[in-house]
Amino acid sequence: MVERLDMRKLIMTIIMVFIGIAFLMPFFWMISASLKVEEDVLTFPIQWIPKHWNAVENYKEVWTGSLPFLLLYWNSIKVTVLTTLVSCTISCLAAYGFAKINFKGRDFIFLIVLATFMIPPQTLLVTQFLLYRWLGLYDTHTGLILLNSFSVFGTFMLRQFYLGISNEIIESARMDGAGHFRIFRSIALPLVRPAIATYAILRFIWTWNDFQNPLIFLRTKELYTIQLGVNSFSDQHGSVYSLMMAASVSAILPLLIIFIIGQKNVIEGIQLGGVKG
């Protein structure tokens, strides 16, 4: 019986390894293509290790060409980091309030908040555009940050983790004279740190990859994010695949760094959620 289980585990491991490699092959091809001369990009069979290296010229054209990639990077980093910080703060506070503070109509209000999650964001674009233009937030990074700072998903996700905290701990702290803000800061927040890190990474990825909102709410080219920059770069060099792959690698590099740094917290958050489930 043990040998049968070990053999089954080995077969499943081999299958998962092949599936993982299959998913990673487009990524490896993108990196490989960004290092080649244009003539070798579409050769068949694929040359995974370039015979003729052109990496310096390709990335130099991306970073120092007609499109200011460094400015686009700075815009995306500023918008993404601030959006992630504000969104995590608001979601943490709202989730704690819905999970651990008893007030009249709490559950009904939370149901209304959840109901808004079912509204397609595309249906709100015209209203948001008119509102932001009236408030003077159109074509500003501030408006773009506020647009993504309120997350129903983040509130719901973190609330589920706050519900896993024993009410006896909260009541003991209140009997010792601690207020809700002290309980939130010193007890609740440290206990759900893996969940917060997981949501922060997800929010960072979503905001960094966001193309629709910058396209609609930004008009000045100096305010463009990296996604709009890659789109403009595609208009100029769309037929040159080596340059396009170099631009794409440059665009996703921060996401890889963030995931590598935070993957431990993501795994802990998933495990914590699995135990509570």
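Visitor: Why is Gly20 called partly exposed?

Guide: In this predicted model, Gly20 has a relative accessible area of 27%. Buried means under 20% and exposed means over 50%, so a value of 27% is called partly exposed. Gly20 is found in helix α1, residues 2-34. From Gly20 to Thr43 the C-alpha distance is 24 Å, and the two are 23 residues apart in sequence.

Visitor: What makes Phe129 partly exposed?

Guide: The relative accessible area of Phe129 is 23%. Because buried requires a value under 20% and exposed a value over 50%, Phe129 counts as partly exposed.

Visitor: Which residues of helix α9 are buried?

Guide: In α9, residues 180-191, the buried residues are Ile183, Phe184 and Ala188. Seen down the axis of α9, these buried residues fall within an arc of 95°, so they line one face of the helix. They pack against α3 (69-100), α7 (152-163) and α8 (167-175).

Visitor: Why is the pair of Tyr73 and Trp208 called edge-to-face?

Guide: The ring centres of Tyr73 and Trp208 are 5.7 Å apart, with 75° between the planes. Rings pair if their centres lie within 6.5 Å, and planes over 60 degrees apart count as edge-to-face, so Tyr73 and Trp208 meet both conditions. The pair links distant parts of the chain: Tyr73 is in helix α3 and Trp208 in helix α10 (residues 193-209), 135 residues apart. Both Tyr73 and Trp208 are buried. Ring pairs also join Tyr73, Phe204 and Trp208 into a cluster.

Visitor: How do you know that Phe129 and Tyr138 are an edge-to-face pair?

Guide: Phe129 and Tyr138 are 5.0 Å apart, centre to centre, and their planes make an angle of 75°. The cut-offs are 6.5 Å for the centres and over 60 degrees for edge-to-face, so this pair qualifies as well. The count comes to nine aromatic pairs.

Visitor: What places Arg159 over the face of Phe110?

Guide: Arg159 lies at 4.1 Å from the ring centre of Phe110. The distance limit is 6 Å, taken from CZ of Arg, so the value of 4.1 Å satisfies it.

Visitor: How much space lies in the largest pocket, and which residues are closest to its centre?

Guide: About 950 Å³ of space lies in the largest pocket. Its lining has 27 residues, and those closest to the centre are Pro121, Gln128, Leu147, Asn148 and Phe150.

Visitor: Which helices each supply at least two residues of that lining?

Guide: They are α3, α4 (106-116), α5 (125-135), α6 (141-147), α7, α10 and α11 (212-217).

Conventions
Residues are numbered from 1 along each chain as its sequence is written. This is a predicted model: local features need pLDDT of at least 70, side-chain atom pairs count only at pLDDT 80 or more; totals for chains, interfaces and linings use all residues. Side-chain values use heavy atoms; hydrogens and water are left out. Buried means under 20% relative accessible area, exposed over 50%, partly exposed in between (1.4 Å probe, protein chains only). Helices (H or I, at least four residues) and strands (E, at least two) are DSSP runs, numbered from the N terminus. The arc is that of the directions from the helix axis to the C-beta atoms. Contact means heavy atoms within 4.5 Å. Rings of Phe, Tyr and Trp (its six-membered ring) pair if their centres lie within 6.5 Å; planes under 30 degrees apart count as stacked, over 60 as edge-to-face and the rest as tilted. A charge sits over a ring if NZ of Lys or CZ of Arg is within 6 Å of the ring centre and within 35 degrees of the ring normal. On a 1 Å grid over the protein atoms alone, a cavity is a set of points where a 1.4 Å probe fits but cannot get out, and a pocket is an open set with protein on both sides within 12 Å along at least five of seven lines; lining residues have an atom within 4 Å of a point. Grid points are joined across faces, edges and corners, and a volume is the space filled by probe spheres set on the points.
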